[in-house]
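Let's take a walk through this structure together, one stop at a time. Keep the view open beside you as you read.

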Amino acid sequence: MRTAVVILNWNTRDYLRKWLPSLLASCEGRDAAVIVADNHSTDESIEMLSEEFPQVRRIALSENFGFTGGYNRALEQTEAEFYVLINSDVEVSQDWLDPLVKWMDSHPECGVCGPKILSMDNDGRFEYAGAAGGYLDFFGFPFCRGRALGATAVDRGQYDAPARVCWVSGACLMVRSSLWKELGGLDERFFAHMEEIDFCWRAICAGHEVWNVPLSSVRHLGGGTLPQASPHKLYLNVRNNLLMLDGNLPSSRKWLIPARILMDLAAAAFWFVTFRPGKGRAVIRAHRSFRELRKKNSGEKKINLLSRRLLAIEYLKLL
């Protein structure tokens, strides 16, 4: 099998019921299979799949291992040339898969690629979390082509040319299985959020390229597991951003980590004085967890994505 399209599900039975049919239809006649790995859901997702989609291979995990651990365990049990990680709340077109496979076939230097991701709720606009691929700014904060701060742009074809980027969204991401195994999959310290950015950075450090391939386009609902304003989501984002920097920055740029911690603490103070203590406490917890988890850092990397001159240019295009 060339392509395994793998959904990691956790309590999104209704999403599967709604969008799995179009995904299955898009893989018909192609050397591709759809697999659903279930992170120990409690909403009878597995039972629904067995009754309504018996043709879909199911991998039932013994507990909720998060996005990172769930995919690592699912792909250990999956043999294919390419893996596609795709969310259950993604709607695909009939021809979304072919451009990604063709790009990988014609660009052996590319290890990871992803489609253009549009919003399902806001027709014609890019999706907030993935858009048209992303970069990292000087301070290590991720940003996307097609998004400036909290606003998303209308897709007018401005990103319709394939582009080499720093990362693509884990909502829909294709990776060579050989690279996945070489890097040991996702870093399970992350559990969820920013793990795909870390993986793409590690792929670049290993000599591979990451590309956005806009001939492929999908629509993403987003926010299906944690709402945007959730303090727990903030906790994961703050902690995991620090873990990513700690794991990938060269020693000459490690000064950025204490600088970022000070910036985070300033933000936490602001949330406390504006009567949003949940967010302030989330930042404090994130720093505590980061200090505990950084001891498992795998070592210094050679490539510093934050030094790319391209970043400032791309960011200005979004404003």
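Helix 8, which covers residues 256-273, is a good place to start: with 5 residues, helix 8 gives the most to a nonpolar patch. What you're looking at here is a predicted model, by the way. The patch takes up about 550 Å² of the surface, and its members are Leu 262, Leu 265, Phe 270, Phe 272, Val 273 and Ile 284. Ile 284 sits in helix 9, residues 277-293. How much of Ile 284 can be reached from outside? Its relative accessible area is 33%, so Ile 284 counts as partly exposed.

From that surface spot, let's head to a part that is tucked away. Helix 3 runs over residues 66-76, and 9 of its 11 residues are buried, so the rest of the structure largely encloses this helix. Which residues of helix 3 are the buried ones? They are Gly 66, Phe 67, Thr 68, Gly 69, Gly 70, Tyr 71, Asn 72, Ala 74 and Leu 75. As for what surrounds them, these buried residues pack against four strands, namely strand 1 (3-9), strand 2, strand 3 (57-60) and strand 4 (82-86), and also against helix 5 and helix 6.

Helix 5 deserves a stop of its own, and Ser 177 is the residue to look for there. Ser 177 has a relative accessible area of 8%, so it is buried. And what does Ser 177 touch, once its neighbours within four places in sequence are left aside? Its contacts are Ala 80, Glu 81, Phe 82 and Tyr 83.

Next come the charged pairs. The structure as a whole has 17 salt bridges. Take Lys 116 and Asp 155: their side chains form one of these, with 2.9 Å from N to O. Lys 116 belongs to strand 6 (residues 110-119), while Asp 155 is in the loop between strand 10 (151-152) and strand 11 (163-164), so this salt bridge ties together parts that lie 39 residues apart in sequence. Lys 116 also meets Asp 160 in a salt bridge, this time at 2.7 Å, N to O. That pair links distant parts of the chain too, since Asp 160 is in the loop between strand 10 and strand 11 and Lys 116 is in strand 6, 44 residues apart.

Are these three side chains' residues buried or exposed to some degree? Look at each in turn. Lys 116 is buried, at 6% relative accessibility. Asp 155 is partly exposed, with a relative accessible area of 21%, and Asp 160 is partly exposed as well, at 41%. The cut-off for buried is under 20%, so Asp 155 at 21% does not make it into that group.

Another salt bridge joins the side chains of Lys 254 and Asp 246, with an N to O distance of 3.8 Å. Lys 254 is partly exposed, at 24% relative accessibility, whereas Asp 246 is buried, with a relative accessible area of 5%. Elsewhere, Arg 13, Asp 14, Arg 17 and Glu 52 are joined into one network by salt bridges that share partners.

Now for the cysteines. How many disulfides does the model have? The count is 0. A disulfide would need two cysteine sulfur atoms within 2.5 Å. For Cys 27, the closest cysteine sulfur is in Cys 172, and it is 10 Å away, so that is too far for a bond. Cys 200 is in a similar spot: its closest cysteine sulfur, in Cys 166, is 9.1 Å off, which is again too far. Cys 27 counts as buried at 6% relative accessibility, and Cys 200 is buried too, at 0%.

The last stop is the backbone. Most residues other than glycine have a negative phi. Glu 44 has a positive one, near 65 degrees, without being a glycine. You'll find Glu 44 in the loop between strand 2 (32-38) and helix 2 (45-52), and with a relative accessible area of 51% it is exposed. Phe 191 is not a glycine either, yet its phi is positive, at about 65 degrees. Phe 191 lies in the loop between helix 5 (177-183) and helix 6 (195-205). At a relative accessible area of 33%, Phe 191 is partly exposed.

Note on methods: Residues are numbered from 1 along each chain as its sequence is written. This is a predicted model: local features need pLDDT of at least 70, side-chain atom pairs count only at pLDDT 80 or more; totals for chains, interfaces and linings use all residues. Side-chain values use heavy atoms; hydrogens and water are left out. Buried means under 20% relative accessible area, exposed over 50%, partly exposed in between (1.4 Å probe, protein chains only). Helices (H or I, at least four residues) and strands (E, at least two) are DSSP runs, numbered from the N terminus. Patches are made of residues with over 30% relative accessible area and no salt bridge: like charges are joined within 9 Å, nonpolar side chains (Val, Leu, Ile, Met, Phe, Trp, Tyr) within 5 Å. Accessible areas come from the Shrake-Rupley method with a 1.4 Å probe; for residues, only the protein chains shown count as cover. A salt bridge is a side-chain nitrogen of Lys or Arg within 4 Å of a carboxyl oxygen of Asp or Glu. Contact means heavy atoms within 4.5 Å.
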